[in-house]
Amino acid sequence: MTKNEYVPFLSEVLEVIPHTDIEYTFRMSYVGDVRPGQFFEVSIPRYGEAPISVSGIGNGSIDLTIRRVGKVTNEIFEQYKGTSLYLRGPYGNGFNTEDYQDKELVIVAGGTGVSPVRGIITYFASHTEKAVSAALIAGFKTPKDILFREDFALWKKRLNVILTVDDNTADPTFPQGLVTKYIPGLEFKDIKNAAAIVVGPPAMMRFSVKALLERGLSEEQIWISHERKMCCGIGKCGHCRIGDAYVCLDGPVFNYSRGSTLLD
Amino acid sequence: MGYYFSPEGINKVISGLSEKYDIFAPKLFPGKGAFSDTDLVRYDRISAIEDVVFHMKSRFSPKEVLLPLTQTLFYYTEDSVSEPRPPVRDRLIFLRSCDLHAVRRLDAIYLGNVFEDHYYRQLRDHTKFVLMGCSRAFSTCFCVDMETNIPTGYDMSIDLIDGEYRVDCRSKDLEDFLVPHSTRQGEVVPCHVTETPTRVHIPENLSSSAAGSSIWKEYDSRCIACGRCNFSCPTCTCFTMQDLSYTDNPKAGERRRVWASCMVDGFTEVAGGAGCRKAYGERMRFKVLHKALDFKKRNGYQMCVGCGRCDDVCPEYISFSGCLNKLEEAMEEVNGNDKK
Amino acid sequence: MDINTKKLKKNAFRVTKVRGKTASRIRVPGGHLDAGYLSLIQEIAEKFGNGTVHITNRQGFEIPGIDYENMPQVNAMLQPIIEGLNINQADPGKGYPASGTRNISACIGNRVCPFACYDTTAFAQRIEKAVFPNDLHFKIALTGCPNDCAKVRMHDFGIIGMTLPVLEKDRCVTCSACVKACRRKSVEALTAVSFRPSRNEEKCIGCGECILNCPTSAWTRSGKKYYRLTLFGRSGKRNPRLGEDFIKWADEESIIKIILNTYDYVEHYIDRTAPGGKEHIGYIVDRTGFEEYKKWALKDVTLPEIAKVYTPLYWSNGISFTGR
C-alpha cells in the first residue's frame, strides 16, 4: 500500500519570529529534503489546513511565514505557544538555484511574496560568486509591513537591494513607489544572460512581468510563483488547477513561458 | 467465455456473488426525484437483478462508489490522528461503457498525476466491473463521438435480450459464480451503440485561445452555478477538505473530503476572500476547456466520455454537448480576430 | 314565464340580469380537464347561449344567454362532462347537482409545476367525491406549495402542500445551495452546522426549496405527503379575513375527515334564519367559540405523529368596514 499523503505529521514549533502584527515566521522542526518555493500544508485539526510556503531552510528545521488571514492561520496564531502543528509536505516544485546560476539575477517580490524567495535570496547573498549579479526589488505597503528586516540588513551588504514601500508617510527614509518603478532602472551587462523571479500579488506580478518583458527579457528568462486555493497539495482536489497545470504539482514556480499560457 | 441465464439463474448468480461482493448498480428510488412524484435513479447496493435499472440512465454516475461524496480521511483527538479502517468487502459495479471509460479518467487523476490517492486505491483495488451493454443510446448520449462506446476492461458483461441474460465473463474469479447457474454457454458479445442521436465535434485546432471567444458570455446570465453538471459527471474528480469536531467532544473529530464543483461559488476562494472566475461564463469556459482540451494535454485523451448526464440535469437547459459544438465557431472567431 | 328559481339554482343555473335568460355553470373540480370537453362547452355556448363563455374565478365555465326553456337540452349535452369529471350525480342526464358548497379549486399542482408538493387536482377530486353535493356554504381550495398561488387562505379550508425534507448526510457536499435558497426564498429554517445544513423543525414550512436546490439529491422528499390546513378565511361584505393555520403536517385522510366533521358542526350550529340559508363558517365559530369547533372537527381524526395542531386559534381582525 502506498503512503497516505493525507495523514499529517506533528512538527514542533521551535521558535516564533514576529515581523508585523499579523505576520510571524514559525520555525518548525523538520528533517528532510526541501527547496525554497515549496510549501507545506499546515493544520490544526478542527480548524483545517492552509498551504504555507517555505521561507527558510535550516538544519533540522524549516521556516514558515504565516499571515493571519483566515480560520486556520488565525488559530495557529492563537495556539502556537509551546505547541506543535500538523504538517504535510513539502509539496510543489520550488525554485531550482541552477536556473539562476551565472546569470544576472533580478528578484522582484511584493509583500508575503518575499517568503518563497527568501531562501533563494539568502543563497545568492551567501554565494555571490554563483551569480554574475543579483538584485532584489522588494515592495511592501508601508514600513510597518516589512518582513524579514534583519535579513534585509544582511542582504543589503551583499546584493543590490531596493526596499520600497507604497506609502512612506510613516517613515520617509524608505523610498516610496511600486516595485515596477525600479525595473526600468535596472542595469544589465547582457540582457540575454538575465534571469528574473517575480513573486507577489497577482496585479504586482502582472505589471512586473510586463516591465521585465519591456526591458527585453524573454518569457523563458522569467519565473513566477502562483498562489491558488489548494486543499490536497497532491494534484487531486482540483482547486489549484489552471489550464493543464496543477499549481501544487507543476508549480507553484512556473517559467513564464509556461505560466503565460495558463488561464484561470 | 459467454454464458446464458434465465432471470432465476442470474439471480442465483447475484446471490452467490453477494456472499463475496457488495454489488452496486443503478437503482430506482421511487419518489426521490427533486420534483414531487418523480423518481431518482442512482447507484446503490442491489440484491437482485430486478433492482438494476437497465432502461434509464442514472442521474448520478458510478463514480460515487469509488469516490464517495463524503469520505473520512482521518479521525483526530487532542493528540493523535488515526486512519479509518480500510474497506473489507470487495465490490462489483454495474456500469455502462461510457462510465467504464470514465473510470480510466478517475484512475489517471487518483492513481496517477504524480501522487497516488490512498483512499481511492483502497477502494479501486477491491472493485470489479460489470458492463451493462447498451442496445440503444439515450437522447443525450454522445459516446460514439467521444470514442467511449466500445467497452474495454470489464470483468463481466450483462445484457438482457428477449428475457434472457447474456454474460461475457473475462474474470476467472467471477466465472466460478456463473458456471453452475447458466442455461448454456456460447459466444457473447456485449451490446454497444454505433450511433447516437446527439453528435459532438471537437475541433482539431482547439487551443486555450478559445478562452478569448465571445461564446462564453451568454453563460454569465444563463448559468446559475449550481454544480449539477459536475456532480452528475462521471469524470469530475474535485473535492474539498473539511475539519469538523464532534458536538459531544469538540476536541475530537474528523477531517473529511466532500465533492467540490468548479461551477459553485467559493471553488477558488483563498483565505482572505480573493478568488478567480467570478463570472459564471468564465467557470463554464474553465470546465468546458478542461473536459475538451486541458485534460487531454496532460493525459493524451479526452476527459469527457459523452454520457450526457450534464445535459440531462441542467435546470437551466444549458447543453454541454451544445457548447462543445460551439468550439469550432469559437476557434474561427479567435483566429479571425488574430488576423485583423 | 313561471320558473322555480330555488330549483334552478340547485341545478347549476343562475338567475341573470337579463329577463328570460339563464347561465349554465360547469364546475371543474381541481381545475383540470380533458381538452375534448372544451368543444362540448363551445357547442352548448353556440347552440343555446350567446356564443360566449366566461372562465370563472372558481375554475369553472359559465355559459350565459341561455333561454330558460332550453335548460333540459343543455343538461343533456352536459352529461359527458359530468361523467368525465366524475361528478356525484343523483339523476343522470339532469345536469349538475349544484349547492352551497363551491367548486373545489386548485392550482396547477405537481402535474406541471416544479414547486408543487402533490397532485392538487387529484386531491380536489377526492374531496369532491367526499362532500358533493351539499347545500352548505363551504369554500375549499388547494394549493401545491406555500407560495399559495391558489390563495387558499381566502377559503374556509385552505390546503397547502408540504413536503418533509429528508437529508441523507453523506450525500451532502456542503455547497450550501439549500441554506441560501431557504434564506432567500423561504423562512430561513436552515443553517450550516459543521458545514452541513441543520433544519429548524419549528420554522420549516415544508416548501421543498432545499430539495429543489440540492444538486446531489442529498435532500429528498419523504415518502408520505403532508399538508398545512388553514381555516376560515373569507371574502364578503361583512368582515373579510385570511384563514389561519390549524394543522401543520396533516395528512389527506385527516383533512377529509375534518371537512366532513365541519359539515356536521355547521348543520348543528348554523343560524337557520341566515339569508339564503348561507352563513360563513367563521361567523358560526365566532358564536360557539373555537374550542367547541375543534371538538367537532377533530372527532375520530387520527393525525400523523408529526402533525402540529395550533390551538387556541385566533384570527386577525381582518377588514372592518367602519364607515370611514
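What share of the 340 residues of chain B counts as buried? In this predicted model, the figure comes to 45%. The rest of the picture for chain B starts with its secondary structure, which adds up to 12 helices and 12 strands. With a radius of gyration of 22 Å, against the 20 Å that the globule rule gives for 340 residues, chain B is as compact as a globular protein of that length. Laid along the principal axes, the C-alpha atoms of chain B fill a box of roughly 70 × 60 × 45 Å. As for how the chain connects with itself, take the contacts in chain B between residues at least 6 apart in sequence: 73% of them join residues at least 24 apart.

A run of three strands in chain B is worth a look. Strand β7(B), residues 127-132, and strand β8(B), residues 156-161, pair in the parallel sense, with three bridges between them. One end of this pairing can be pinned to residues: M132(B) has I158(B) of β8(B) as its bridge partner. Strand β8(B) also pairs with β9(B), residues 164-168, this time in the antiparallel sense and again over three bridges. Here I161(B) is matched with E164(B) of β9(B) as its bridge partner. So much for the pairing; the turn comes next. Two residues sit between the strands in the hairpin of β8(B) and β9(B), and D162(B) takes a positive phi near 50° there.

On to how the chains meet. Two pairs of chains are in contact, and chains A and B share the most contacts. Chains A and C, by comparison, have no contact joining them, and their closest C-alpha atoms lie 10 Å apart. Between chains B and C, 21 residues of chain B are in contact with 23 residues of chain C. On the chain B side of that meeting, β3 (40-45), α8 (228-232), β11 (239-245) and β12 (253-259) each supply at least two residues. By class, this side of chain B has 11 nonpolar, six polar and four charged residues.

Chain A comes with an annotation. UniProt, in an unreviewed entry, places the feature "domain: FAD-binding FR-type" at residues 6-97 of chain A. In the model, that span is 52% strand and 10% helix, and its end C-alpha atoms lie 29 Å apart.

Notes: Residues numbered from 1 in each chain as written. Chains lettered and ligands numbered in written order. Predicted model: local features only at pLDDT ≥ 70, side-chain atom pairs only at ≥ 80, totals over all residues. Pairing = 2+ DSSP bridges. Helix = DSSP H or I, 4+ residues; strand = E, 2+ residues; numbered from the N terminus. UniProt positions renumbered as here; feature names shortened; annotations may be inferred. Contact = placed C-beta atoms within 7 Å. Nonpolar A, V, L, I, M, F, W, Y, C, P; charged D, E, K, R; others polar. Rg over C-alpha atoms; globule rule 2.2 N^0.38 Å. Buried ≥ 20, exposed ≤ 12 C-beta atoms within 10 Å, placed from the backbone.
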